[in-house]
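Here are a few short exercises to work through with the model open beside you. Try each task before reading its solution.

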Amino acid sequence: MATLVLLRHGESVWNAEGLFTGWVDVDLSAKGESEATRGGDLLLDADITPDVVHTSLLKRAIRTANIALDVADLLWIPVQRSWRLNERHYGALQGKNKAQTREEFGEEQFMTWRRSYDTPPPPIKDDDPLSQVNDLRYAELPSELIPRSECLADVVDRMLPYWYDAIVPDLAVGKTVLVAAHGNSLRALVKHLDDISDEAIVGLNIPTGIPLVYELDDDFAPLKRGGEYLDPAAAKAAIEAVKNQGAAKPGAPKPPAKDAKDAKDAKPKGRTRRGRKK
Ligand SMILES: O=C(O)[C@@H](CO)OP(=O)(O)O
């Protein structure tokens, strides 16, 4: 038997602003930092001591893991990071306002892009400032493996090799494993663990900053389907909030104009592959 803890990063600055994020490396908001702290507190209260942590290459997941592990005085545990745990690449929607996209394209198209299993959003162009093709952290990935857009089925395909090759070997030797990742990469992992159908996964949302604990049998299948959130009441409310992102609030004013240019201006600064050559 082994313990697997899934932790979605705390609220990011773009979650707070209602923007599609994907592979853009935005930081945690102040609320996201407190959510990560609460995540660490919940682990302490439940007496769960991770032996190893796996994260994506994005700072919102890395910082969430660090903050939570710091609370538990476990910053020293071994860490492995992989692009395979990254958020779903949101293609040309990266940086776009969710509410505006819903208004512009309609509820059905909006939800198809957000939650359908096998329809990716339109691809991002390689010369778009919000593309990751020249990002230093993916310099060792062949260009064709760097996504230009992904649906959840694509995320399952690129995440599963990491599950089998990196996470399962830790679980197999009895380690308690913490995976700090993202809404959609964790949906992909939960789909696999709980054997959720392509149709049913559409309705599953993962809340920010609340540890989800799975006890696994010797075949790495959950003893309890769906696992257990360490704060079930908070998880329920937070799941609703994720579900309703981009939805119009009755009587609410329209969201502020945020066109593609605004999104580009908001791009977080980082070193690029090109930057390295300079
Ligand atoms: O913008 C994103 O990258 C994701 C997660 O924040 O959003 P959504 O929940 O709409 O898939």
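**Exercise 1.** In which strand is Ala-181 found? Then decide whether Ala-181 is buried or exposed, and find what surrounds it.

*Solution.* Keep in mind that this is a predicted model. Start with the secondary structure: Ala-181 belongs to strand 4, residues 177-181. Next, check accessibility: the relative accessible area of Ala-181 is 0%, so it is buried, the cut-off being under 20%. Now look around it, skipping neighbours within four places in sequence: Ala-181 is in contact with Leu-7, Arg-8, His-9, Ala-61, Leu-85 and Leu-186. Finally, take Leu-85 from that list: its C-alpha atom is 6.1 Å from that of Ala-181, although 96 residues separate the two along the chain.

**Exercise 2.** Locate Ser-56 and work out which partners its side chain reaches.

*Solution.* Ser-56 sits in the loop that runs between strand 2 (52-55) and helix 3 (59-71). With a relative accessible area of 0%, Ser-56 is buried. Follow its side chain in two steps. One partner is the backbone nitrogen of Leu-58, at 3.1 Å. Another is the side chain of His-182, through a polar contact of 2.8 Å. His-182 also appears among the contacts of Ser-56 beyond four places in sequence, which include Ala-61, Arg-81, Leu-85 and Ala-180.

**Exercise 3.** How many aromatic pairs does the whole structure hold? Classify the pair of Trp-23 and Tyr-138, then that of Phe-105 and Trp-113.

*Solution.* The search returns 5 aromatic pairs. For Trp-23 and Tyr-138, the ring centres are 4.7 Å apart and the planes meet at 40°, so this pair is tilted. The two rings come from distant parts of the chain, 115 residues apart: Trp-23 from the loop between helix 1 (13-17) and helix 2 (30-45), Tyr-138 from the loop between helix 5 (107-115) and helix 6 (152-172). Trp-23 is buried at 1% relative accessible area, and Tyr-138 is buried at 1% too. For Phe-105 and Trp-113, the centres are 5.0 Å apart and the planes lie at 70°, so this pair is edge-to-face. Here Phe-105 is partly exposed, at 42%, whereas Trp-113 counts as buried, at 8%.

**Exercise 4.** Which residues form an aromatic cluster with Tyr-90, and which charged end sits over the ring of Tyr-90?

*Solution.* Phe-20 and Phe-110 join Tyr-90 in one aromatic cluster. Over the ring of Tyr-90 sits the charged end of Arg-88, 4.2 Å from the ring centre. For further practice, inspect Tyr-117: Lys-191 lies over its face, 4.7 Å from the ring centre.

Key:
Residues numbered from 1 in each chain as written. Predicted model: local features only at pLDDT ≥ 70, side-chain atom pairs only at ≥ 80, totals over all residues. Heavy atoms only, no water. Helix = DSSP H or I, 4+ residues; strand = E, 2+ residues; numbered from the N terminus. Buried < 20%, exposed > 50% of the residue type's maximum accessible area, 1.4 Å probe, protein only. Polar contact = N/O pair within 3.5 Å; in protein donor to acceptor, adjacent residues only side chain to side chain. Contact = heavy atoms within 4.5 Å. Phe/Tyr/Trp six-rings, centres within 6.5 Å; stacked < 30°, edge-to-face > 60°. Lys NZ or Arg CZ within 6 Å of the ring centre and 35° of its normal.
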